[in-house]
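Biologist: Could you take me through one part of this model in detail, the hairpin region in the first half of the chain and whatever packs or pairs around it? I'd like the residues named as you go, and a quick look at the rest for context.

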Amino acid sequence: MCEQGYKKTTSDHCVFVKSFSNDDFIILLLYVDDMLIIGKDVSKIKRLKKQLGESFATKDLGVAKQIVGIIIIRERKERKLWLSQEHYIKRCCRDSRCKMRKS
């Protein structure tokens, strides 16, 4: 990815960022065999997908609803995004036998 101008973040070596002019960017998250591409410019995302498809066997699963156990919830009209780890938290509580309280 670095050859294409992406920079690995110092906080997570599975996250790559490429900055473009006028505050545009693409964030590429890799985890084992999962990939999430985030960006504003759909044509740049399509170009990246094409480049990746030339080097790797890829399968486009469409708009992401989940990655590595994190649920992605969107309200596109309001331009809002939520990330939820509710299932992970419930599993941790079940495994440690703690009780969940409703807030």
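Modeller: Here is a walk through that region, from strand pairing to core to charges, followed by the rest of the chain. Keep in mind that this is a predicted model.

Let's begin with β3, residues 25-31. On one side, β3 pairs with β2 in the antiparallel sense, over five bridges. On the other, six bridges join β3 to β4, residues 34-39, and that pairing is antiparallel as well. As a reminder, strands of a sheet pair through backbone hydrogen bonds, either parallel or antiparallel. If you want anchor points on screen, F16 has L28 of β3 as its bridge partner, while I26 is matched with G39 in β4.

The turns are worth a look too. The β2 and β3 hairpin has five residues between its strands, and N22 takes a positive phi near 40° there. The next hairpin, β3 with β4, has two residues between the strands; its turn residue V32 has a positive phi of about 50°.

V32 turns up again at the surface. Together with Y31 and V68, V32 makes a nonpolar patch of about 330 Å². Y31 sits in strand β3, and Y31 counts as partly exposed because its relative accessible area is 46%, between the 20% and 50% cut-offs.

Now for the inside. In soluble globular proteins, nonpolar side chains tend to be buried together. Here the largest nonpolar core has seven residues: Y6, F16, I26, L28, I45, L48 and L52. β3 and α1 each supply at least two of them, and the largest share, three residues, comes from α1. Notice that the bridge partners F16 and L28 are both core members. I26, the partner of G39, belongs to the core as well. From the helix side, L48 is a handy place to centre your view. Leaving out residues up to four places away in sequence, L48 touches M1, Y6, I26 and I37. Y6 and I26 on that list are fellow members of the core.

Next, the charges around the same hairpin. Which residues are linked with D24 in a network of salt bridges? They are D41 and K44. D24 lies in the loop between β2 and β3, yet D24 counts as buried, because its relative accessibility of 10% is under the 20% cut-off. Its contacts beyond four places in sequence are K18, S19, K40, D41 and K44, so you'll find both network partners among them.

Helix α1, residues 42-55, has another charged link, from K49 to D60 in the loop between α1 and β5, eleven residues further along the sequence. Their side chains meet in a salt bridge at 2.7 Å, N to O. K49 is partly exposed at 35% relative accessible area, whereas D60 is exposed at 52%.

For context, here's the rest of the chain. An open, antiparallel sheet of three strands runs in the order β5-β6-β7. β5 and β7 stand at its edges with a single partner strand each, so one side of each is left without a neighbour in the sheet. β6, residues 70-75, is joined to β7 by five bridges; R74 has L81 as its bridge partner, and I73 is paired with W82. Four residues lie between β6 and β7 in their hairpin, where R79 takes a positive phi near 55°.

Either side of R79 in the numbering, E78 and K80 form a salt bridge at 3.4 Å, N to O. Both are partly exposed, K80 at 39% and E78 at 49%. Further on, R94 and D95 meet in a salt bridge at 3.5 Å, N to O. R94 is exposed at 56%, and D95 is exposed as well, at 55%. Across the whole structure, the search finds six salt bridges.

Note on methods. Residues are numbered from 1 along each chain as its sequence is written. This is a predicted model: local features need pLDDT of at least 70, side-chain atom pairs count only at pLDDT 80 or more; totals for chains, interfaces and linings use all residues. Side-chain values use heavy atoms; hydrogens and water are left out. A salt bridge is a side-chain nitrogen of Lys or Arg within 4 Å of a carboxyl oxygen of Asp or Glu. Buried means under 20% relative accessible area, exposed over 50%, partly exposed in between (1.4 Å probe, protein chains only). Two strands pair if DSSP finds at least two bridges between them. Contact means heavy atoms within 4.5 Å. A nonpolar core is a set of buried Ala, Val, Leu, Ile, Met, Phe, Trp, Tyr and Cys residues joined through side-chain atoms within 4.5 Å. Patches are made of residues with over 30% relative accessible area and no salt bridge: like charges are joined within 9 Å, nonpolar side chains (Val, Leu, Ile, Met, Phe, Trp, Tyr) within 5 Å. Accessible areas come from the Shrake-Rupley method with a 1.4 Å probe; for residues, only the protein chains shown count as cover.
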